[in-house]
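Here is a short report on one protein model. Look over the sequence and the structure, then read on.

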Amino acid sequence: MKGRRVVGPATKQRIRATLRSALKRAIREGLTEMNVAALVELPSGKAPKALVRTPERIAQWRKDLDTYSGIMAGRRKRLWEDDPSHGHGNQLNRIDAYIGAPRPSKAMVWTPGLTKTFLKRAELHPWYALYYLIAFRGLRRGEACGLRWTDLHLDGGTVTIRWQITQIGPDIFEGKPKSDAGEATISLDTSTIAVLRAHKARQNAQRLAAGDTWHETGGLVFTDELGNPVRPNQVTDQFERLSMETGLPPVRLHDLRHGAASFLLAAGHDMKTVQETLRLSSITIAADTYTSLLPQVARKSAEDAAAIILNADAPAALTTI
């Protein structure tokens, strides 16, 4: 249905858990005799392992994209020939092919260089600061959309995550973060602070230009040119278009959050820091999700450890036993 996205395995698992709990109570109250939700088989809701977009994986993706585009273009052409009135036309949408091409994991992470390339392309877009904040500090999409200026302390270099905006079909809703751990204060680096200051100046200019047509929405950091809240699905759609136009291999917007975790690991920080920065409910979740990144980001630590032995001074003489 237009404007609605297919829910993922984890959401399906949560929906079933809610139904199962309700039906379990209904059995206790004698309203039904069977918990049919317990009989439903669903794919695992476990978070996918995040993989880095290495040069080898990028080369494979380009081959898969060509193959996938050819298959889907042929299928669309046949559908159109069978029924020209079906309304989809006979040309494959570039963004559909770009997003739909196979990838080794649902969660793919750009390297620091690829992330920098994307941010350079997005620099002139009104939502540049939003993407920058997610890439550097790992906010969830809804948290970034729901951020308010009163929760930003730019002089002190902190941001408090207190709200999120979610979208269901065409409707948007404001609520608390995903979990209790999600409501927390995190530090900002100096570059992110500078980007947010520039964004604030642009927003003030938009407010003056809009005049009486400006909508006050509680001081949201990210708004459209008239002060309305940004719609999360549009933020994702724009991210995908910018990524494609830049020529980058596709990742999900949520994968910028995964990238923030990988950069922390690459900088030598531990899983506890990842947990606190991304505001995960437990360190186990951080380890389960991001351990797969360690082989790619820990090369320097392996070289450093080897150098301790290779650069060690040999003793002048050894006593033979």
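## The nonpolar core

This is a predicted model. Its largest nonpolar core holds 43 residues, and F118, L130, Y131 and L152 touch the most other members. Five elements each give two or more residues to this core: helix 4, helix 5, helix 6 (141–145), helix 7 (190–210) and helix 8. Helix 5 gives the most, with eight residues.

How many of the ten residues of helix 5 are buried? Nine are, so helix 5 is largely enclosed by the rest of the structure. The buried ones are Y128, A129, L130, Y131, Y132, L133, I134, A135 and R137. Just after helix 5 comes G138, with a positive phi of about 70°.

## Aromatic pairs

The whole structure has eight aromatic pairs. One of them joins W110 and F239. Their ring centres lie 5.7 Å apart and their planes meet at 45°, so this pair is tilted. The two residues come from distant parts of the chain, 129 residues apart. W110 sits in the loop between strand 2 (108–109) and helix 4, while F239 belongs to helix 8 (residues 232–246). W110 counts as buried because its relative accessibility is 3%, under the 20% cut-off. F239 is buried too, with a relative accessible area of 0%.

F239 also pairs with Y131. Here the centres are 5.9 Å apart, the angle between the planes is 50°, and the pair is tilted. Y131 lies in helix 5 and F239 in helix 8, so the pair ties together parts that are 108 residues apart in sequence. Both Y131 and F239 are buried. Which residues do ring pairs link into a cluster? They are W110, F118, Y131 and F239. Two members of that cluster, F118 and Y131, are also among the core residues that touch the most other members.

## Charges over rings

Lysines meet tryptophan rings at two places described here. The charged end of K176 sits over the ring of W163, at 4.2 Å from the ring centre. The charged end of K200 sits over the ring of W149, and there the distance to the centre is 5.1 Å.

## The second largest pocket

Now for the empty space. Rolling a probe the size of a water molecule over the atoms shows where such space is left.

The second largest pocket holds about 230 Å³ of space. It has 13 lining residues. Of these, A135, F136, A260, F263 and L264 lie nearest its centre. Helix 4 (112–122), helix 5 (128–137) and helix 9 (254–266) are the elements that give two or more residues to the lining. Helix 4 gives the most, with four. By class, the lining has eight nonpolar, two polar and three charged residues.

## The cavity

How many cavities of 30 Å³ or more does a search of the whole structure find? It finds one. The largest cavity has a volume of about 40 Å³. Its lining is made of V109, W110, T115, A135, D255, L256, G259 and F263.

Helix 9 gives the most to the lining of this cavity, with four residues. The lining divides into five nonpolar, two polar and one charged residues. Some names here have come up before. W110 lines the cavity and pairs with F239. A135 and F263 line the cavity, and both are among the residues nearest the centre of the second largest pocket.

## Two more places to look

Most residues other than glycine have a negative phi. R279 departs from this: its phi is near 60°, a positive value. R279 lies in the loop between helix 10 (271–278) and helix 11 (283–290). Is R279 buried or exposed? With a relative accessible area of 1%, R279 is buried.

G74 is found in helix 2 (residues 55–82). At 22% relative accessibility, G74 counts as partly exposed, because buried means under 20% and exposed means over 50%. G74 and L92 are 18 residues apart in sequence. In space, their C-alpha atoms are 8.8 Å apart.

Note on methods. Residues are numbered from 1 along each chain as its sequence is written. This is a predicted model: local features need pLDDT of at least 70, side-chain atom pairs count only at pLDDT 80 or more; totals for chains, interfaces and linings use all residues. Side-chain values use heavy atoms; hydrogens and water are left out. On a 1 Å grid over the protein atoms alone, a cavity is a set of points where a 1.4 Å probe fits but cannot get out, and a pocket is an open set with protein on both sides within 12 Å along at least five of seven lines; lining residues have an atom within 4 Å of a point. Grid points are joined across faces, edges and corners, and a volume is the space filled by probe spheres set on the points. Ala, Val, Leu, Ile, Met, Phe, Trp, Tyr, Cys and Pro count as nonpolar, Asp, Glu, Lys and Arg as charged, and the others, Gly among them, as polar. Rings of Phe, Tyr and Trp (its six-membered ring) pair if their centres lie within 6.5 Å; planes under 30 degrees apart count as stacked, over 60 as edge-to-face and the rest as tilted. Buried means under 20% relative accessible area, exposed over 50%, partly exposed in between (1.4 Å probe, protein chains only). A charge sits over a ring if NZ of Lys or CZ of Arg is within 6 Å of the ring centre and within 35 degrees of the ring normal. A nonpolar core is a set of buried Ala, Val, Leu, Ile, Met, Phe, Trp, Tyr and Cys residues joined through side-chain atoms within 4.5 Å.
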